[in-house]
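Reader: I would like to learn how to read contacts, charged pairs and nonpolar clusters in a structure. Could you take me through them one feature at a time?

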Amino acid sequence: MLGLAVVLFAVFAATTGYVVAGDTTTDIDRPVHDWVLTWRDEPLTTAATAVTHLGGSVAMWTLALVACAFLLKRGAHADLLLVAGVGAASAIVVPVSKQLIGRHRPPVADRLVEVNNASFPSGHSVGSTAIVGVLAALFCLRTAHRVAAAIVAVLATAFVVLVGLSRIYLGVHWPTDVFAGWILGGLLIAVGVLIRTRAGDTDSPSNRPRSAAASGTVTTATGGTRP
């Protein structure tokens, strides 16, 4: 998991540098953006609008809160902290990144929904990846059914991809905004799971000090010890 986190961080950093340099708009973003505009038609527009709302902050925070309530009821406090931590991290990192990078969105004339903040990275992509992804990861780690785990992983991935694509279709994000959002969301999950795993290893019985009885010594009535 550490290796995955390092790779995701490197990809996000490289993408950010490419965007800040201004190369992506001409090389990648503008051609893809213009091509996507030629696909606009009903019922695609209605579907894209519905999907983008499902991946929005209100829907994702609602999902996260319901999941946390469920985990709290089951006494899964470590998993609850993982979900809450990843969600909170995404809520902090996205606006900070937008403010620091300050990338302009596609032209207003091309937008089908109203937005008023910076473009990079896509908040919908980060949020949906982080929340849906961490819940899918928890399910896959906890279930013993490989088929069920595979189905959940595929459905979660498909949802996250569709949310990102809807942002490009609706003309409110450049493709690299969405790509960076996916990568950043995945990075938050990887870091969260890594911390959760390390904390679990630290608290495991094998890492706790052994008792006197377990170490093979017993205290006698006179205060001495014997094997």
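Reader: Leaving out residues up to four places away in sequence, which residues does His 124 touch?

Author: In this predicted model, His 124 touches Thr 52, Gly 55, Gly 56, Val 163 and Arg 167, once residues up to four places away in sequence are set aside. The histidine itself is found in helix α6, and its side chain reaches the backbone oxygen of Thr 52 at 3.3 Å.

Reader: Is His 124 to be read as buried or exposed?

Author: The general idea is that buried means under 20% relative accessible area. His 124 has 19% relative accessibility and therefore counts as buried.

Reader: How should I read the salt bridges, and how many does the structure hold?

Author: The structure holds 5 salt bridges, and it helps to ask of each pair where the partners sit in the chain and how accessible they are. Take Asp 34 and Arg 30, whose side chains meet in a salt bridge at 3.6 Å, N to O. These two residues are 4 apart in helix α2, which spans residues 23–37, so about one helical turn separates them. Asp 34 is partly exposed, with a relative accessible area of 35%, and Arg 30 is partly exposed as well, with 30%.

Reader: Which parts of the chain does the salt bridge of Asp 79 and Arg 196 tie together?

Author: The side chains of Asp 79 and Arg 196 meet at 3.3 Å, N to O. Because Asp 79 lies in helix α5 (residues 77–101) and Arg 196 in helix α8 (residues 175–203), the pair ties together parts that are 117 residues apart in sequence. As for accessibility, Asp 79 is buried, with a relative accessible area of 8%, whereas Arg 196, at 24%, counts as partly exposed.

Reader: What can be said of the pair formed by Arg 103 and Asp 177?

Author: Their side chains meet in a salt bridge with an N to O distance of 2.7 Å. This pair links distant parts of the chain, with Arg 103 in the loop between α5 and α6 (123–142) and Asp 177 in helix α8, 74 residues apart. Arg 103 is buried, with a relative accessible area of 9%, and Asp 177 counts as buried at 0% relative accessibility. Salt bridges that share partners, moreover, join Asp 29, Arg 103 and Asp 177 into one network.

Reader: Turning to the nonpolar interior, which residues have the most contacts inside the largest core?

Author: A core is read by its members and by the elements that supply them. The largest nonpolar core has 24 residues, and those with the most contacts inside it are Phe 12, Leu 82, Val 83, Val 86 and Val 134. Helices α1 (2–21), α4 (57–73), α5, α6 and α8 each supply at least two residues of this core, and the largest share, 8 residues, comes from α8. Phe 12 offers a closer view: not counting residues up to four places away in sequence, Phe 12 touches Phe 120, Ala 180, Ile 183 and Leu 184. There is also a second, separate core of 7 residues, which includes Met 60, Ala 64, Ala 156 and Val 160.

Reader: Where on the surface do nonpolar side chains gather, and which residues make the patch?

Author: A nonpolar surface patch of about 580 Å² is made by Tyr 18, Ile 28, Val 32, Trp 35, Trp 39 and Leu 44. Helix α2 gives the most to the patch, with 3 residues, while Trp 39 is found in the loop between α2 and α3 (44–54).

Reader: How should I read the start of the chain, and which residues is Met 1 in contact with beyond its sequence neighbours?

Author: Here sequence separation and distance in space are best read together. Met 1 lies in the segment before α1 and, at 48% relative accessibility, counts as partly exposed. Met 1 and Val 193 are 192 residues apart in sequence, yet 7.8 Å apart in space, C-alpha to C-alpha. Leaving aside neighbours within four places in sequence, Met 1 is in contact with Ala 190, Val 193 and Leu 194.

Reader: What do the totals for the whole protein say?

Author: The secondary structure comes to 8 helices and 2 strands, running α-α-α-α-α-α-α-α-β-β from the N terminus on. Of the 227 residues, 37% count as buried. Among contacts between residues at least 6 apart in sequence, 76% join residues at least 24 apart.

Technical notes:
Residues are numbered from 1 along each chain as its sequence is written. This is a predicted model: local features need pLDDT of at least 70, side-chain atom pairs count only at pLDDT 80 or more; totals for chains, interfaces and linings use all residues. Side-chain values use heavy atoms; hydrogens and water are left out. A salt bridge is a side-chain nitrogen of Lys or Arg within 4 Å of a carboxyl oxygen of Asp or Glu. Buried means under 20% relative accessible area, exposed over 50%, partly exposed in between (1.4 Å probe, protein chains only). A nonpolar core is a set of buried Ala, Val, Leu, Ile, Met, Phe, Trp, Tyr and Cys residues joined through side-chain atoms within 4.5 Å. Contact means heavy atoms within 4.5 Å. Patches are made of residues with over 30% relative accessible area and no salt bridge: like charges are joined within 9 Å, nonpolar side chains (Val, Leu, Ile, Met, Phe, Trp, Tyr) within 5 Å. Accessible areas come from the Shrake-Rupley method with a 1.4 Å probe; for residues, only the protein chains shown count as cover. A polar contact is a pair of N or O atoms within 3.5 Å; within protein, one must be able to donate a hydrogen and the other to accept it, and residues adjacent in sequence count only if both atoms are side-chain atoms.
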